[in-house]
2 protein chains.
Amino acid sequence: MSKRTDVNELGEFGLIEHLTHNIKLKNKSSLKGIGDDAAVLDYGDKMVVVSTDILSEGIHFDLMYMPLKHLGYKSVVVNLSDIYSMNAIPKQITISLAFSNRFSVEALEEFYEGVKAACDFYHVDLVGGDTTSSLKGLFISITAIGEGQKDTLAYRNGAKEGDILCLTGDLGAAYLGLQILEREKQIYLSNPGVQPDLGSNEYIIGRQLKPEARKDMITEFFPKAGLVPTSMIDISDGLASELFHICHASGVGAILNEGGVPIRPDVEEQAIAFKLDPITCALSGGEDYELLFSVAPEDLEKVKYMPDIYICGEIVGKEEGIKLHTKGGNIHPLKAQGWVHFGND
Amino acid sequence: MSKRTDVNELGEFGLIEHLTHNIKLKNKSSLKGIGDDAAVLDYGDKMVVVSTDILSEGIHFDLMYMPLKHLGYKSVVVNLSDIYSMNAIPKQITISLAFSNRFSVEALEEFYEGVKAACDFYHVDLVGGDTTSSLKGLFISITAIGEGQKDTLAYRNGAKEGDILCLTGDLGAAYLGLQILEREKQIYLSNPGVQPDLGSNEYIIGRQLKPEARKDMITEFFPKAGLVPTSMIDISDGLASELFHICHASGVGAILNEGGVPIRPDVEEQAIAFKLDPITCALSGGEDYELLFSVAPEDLEKVKYMPDIYICGEIVGKEEGIKLHTKGGNIHPLKAQGWVHFGND
């Protein structure tokens, strides 16, 4: 190889696009490939929805404050969230682990306890997997498989001018939970005698250590109201980045209203304690696993009185760009921040 | 955690069984879970067959002699082989990669070139995936998805007393290819000026670096002959280990005829050069990705004249155990050797 381009020049999404842009789908059953939260396969009566994620120790999780049982639970939830965000229902998962001999059977049992708890809660079956060794660290790869109906699946690319933007819950807490855990870790490392001070931040830390996917929306509230979003995505990387994905895929712009983005008072308070702007935590923090979706204007009545739904903006023409309407009444272009860090060997 | 059990006490299969033994399938569509080459999901007209593998640098591959393009190709083939071994046809794959910043965009392009070559050759679509960073090394997790017919899928557990054991091709070459590559690596490491001497071992080295899955059997020869194996497995860990899996799952014994296990003359020669017994390479070497399957006695005529099929033994009662009938006329109990090594952190 004569040329050496660092992957950070492209970023995660740029890299995937670069590596896969010339892939053409050959099989009739491959309805939707790369470029959404999940792939969609047409296997007859039902659509099969497939999503996959890989989590890497030291990048996605830190076992100093992430108990293995929580890690097992969260690893599953993160994948299920991708299936729900297609307006589909997860049914099966496979798990592959690579781990070094630092991990005992008991440690792996703990991890699987979390996996099983998530499978039970979300009514999903663990149907396969692989375990192998790694020279260093733990890697978790999960594939989730679900089912959906052809005419009610929600893709990223269906948002239209005039659609209403909605959120399923409050944002920013997971990111602040991580900040608190990181702070206590640093204090512990410099003085192992000190007990961690997690304060009364159960909710905030819980959002980081044990997030939930919005099963209730997909299996209960949406079908009960007869609502099919025109586009949908789950918030893993932060609201701004997800809104960019929807706008980019749909060929539209958007106005996001800061006042419509729900942030809890305890989250605001913690943000300020960390000298962070609360809206920045919501926009760029990520890991909240709430759903961002758009609905046709005629469906406004359906979402207006739905529990835990927040109307946070609207879809506009592409030429208007993607903007934030602040509480102060200003309108700025929105910035999407990535979180790609590739480690050193 | 008070107790610490080393994973090597259980071995890879023991570990999976230990961690997953209390899992009960909840969903109607989960037809077959853990314990075969792939899971089987009932999503309507067709059965969806899903298999997943994780490959870890320094354990499964060595980039000193494995070009990234070959690695991409092989990673896909290994997974497709698991789908074919269910008598199903792979249609889609997802790929997740975790890699350190040692890997450039160009290196990843090379890997994906191999992935695409395999997807083209096997007519499979890459429909999803994830890329992330690792603190050290490369990890590849692939999930393959295929389709099968409910009444023609071949599981591990269908072998019956009196069935005939068959193989689709010669064994042992992939393992000897690895020995040659390892030898040349050691020579190179102690004297970087020396050119590797791979001799005239194209076939043997090719079996290690660029294995193929037996698509021809599943999409052509078997259906043409109207053959449905009573049980089937692909040979990734070595013939002995795979035969144990079939016998264990089916509750039967087996007699394997050494004379019926095809080993090429050049493979025999190389084995002897390495002071290895050729049959041991075939029994325990692994990575040949041929199919081991059983057929009902009345199907003998169907396999007898099929190209590249070798009759290598028969299924007997469980009480007779699993035995090797040597060329010399002796009968020994067969030993299955595992290849589990968990690395150090």
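In this predicted model, a good place to start is chain B, where B:Gly253 sits across from B:Val316 of β11(B). That pair belongs to a longer match-up: strand β9 (residues 253-257) of chain B runs antiparallel to strand β11 (residues 310-316) of chain B, and four bridges link the two. Strand β9(B) has another partner as well. With strand β12 (residues 322-325) of chain B it pairs in the parallel sense, again over four bridges. Here B:Asn257 finds its bridge partner in B:His325 of β12(B). So much for the strands of chain B that pair around β9(B).

Over in chain A, there is an open sheet of six strands with mixed pairing, and reading across it gives the order β1-β2-β3-β6-β4-β5. The edges are taken by β1 (30-32) and β5 (125-133) of chain A, each of which pairs on one side only. Going from one strand to the next, the twist averages 20°. At the β1 edge, β1(A) lies antiparallel to strand β2 (residues 39-42) of chain A, with two bridges between them. Within that stretch, A:Ser30 faces A:Leu41, a residue of β2(A).

Stepping back to the whole of chain A, the chain splits into domain 1 (27-148) and domain 2 (156-333). Taken over C-alpha atoms, the centres of these two domains of chain A are 22 Å apart. Where they meet, domain 1 of chain A puts in 19 residues and domain 2 of chain A puts in 22 residues. On the domain 1 side, helix α2 (residues 68-84) of chain A gives the largest share, with nine residues. Sorted by class, that side of domain 1 of chain A holds 10 nonpolar, five polar and four charged residues.

Then there is the meeting of the two chains themselves. The contact between them brings together 78 residues of chain B and 78 residues of chain A. On the chain B side, several elements chip in with at least two residues each: the helices α1 (11-20) and α3 (105-121), along with the strands β2 (39-42), β3 (47-56), β4 (89-99), β5 (125-133) and β6 (139-148). The largest share of this side of chain B, nine residues, is down to β5(B). As for the make-up of the surface that chain B turns towards chain A, 29 residues are nonpolar, 31 are polar and 18 are charged.

Conventions: Residues are numbered from 1 along each chain as its sequence is written. Chains are lettered from A and ligands numbered from 1 in the order in which they are written. This is a predicted model: local features need pLDDT of at least 70, side-chain atom pairs count only at pLDDT 80 or more; totals for chains, interfaces and linings use all residues. Two residues are in contact if their C-beta atoms, placed from the backbone, lie within 7 Å. Ala, Val, Leu, Ile, Met, Phe, Trp, Tyr, Cys and Pro count as nonpolar, Asp, Glu, Lys and Arg as charged, and the others, Gly among them, as polar. Domain bounds come from an automatic or database domain assignment. Two strands pair if DSSP finds at least two bridges between them. Axes are lines fitted to C-alpha atoms, for helices over the stretch in contact, and angles run from 0 to 180 degrees between N-to-C directions.
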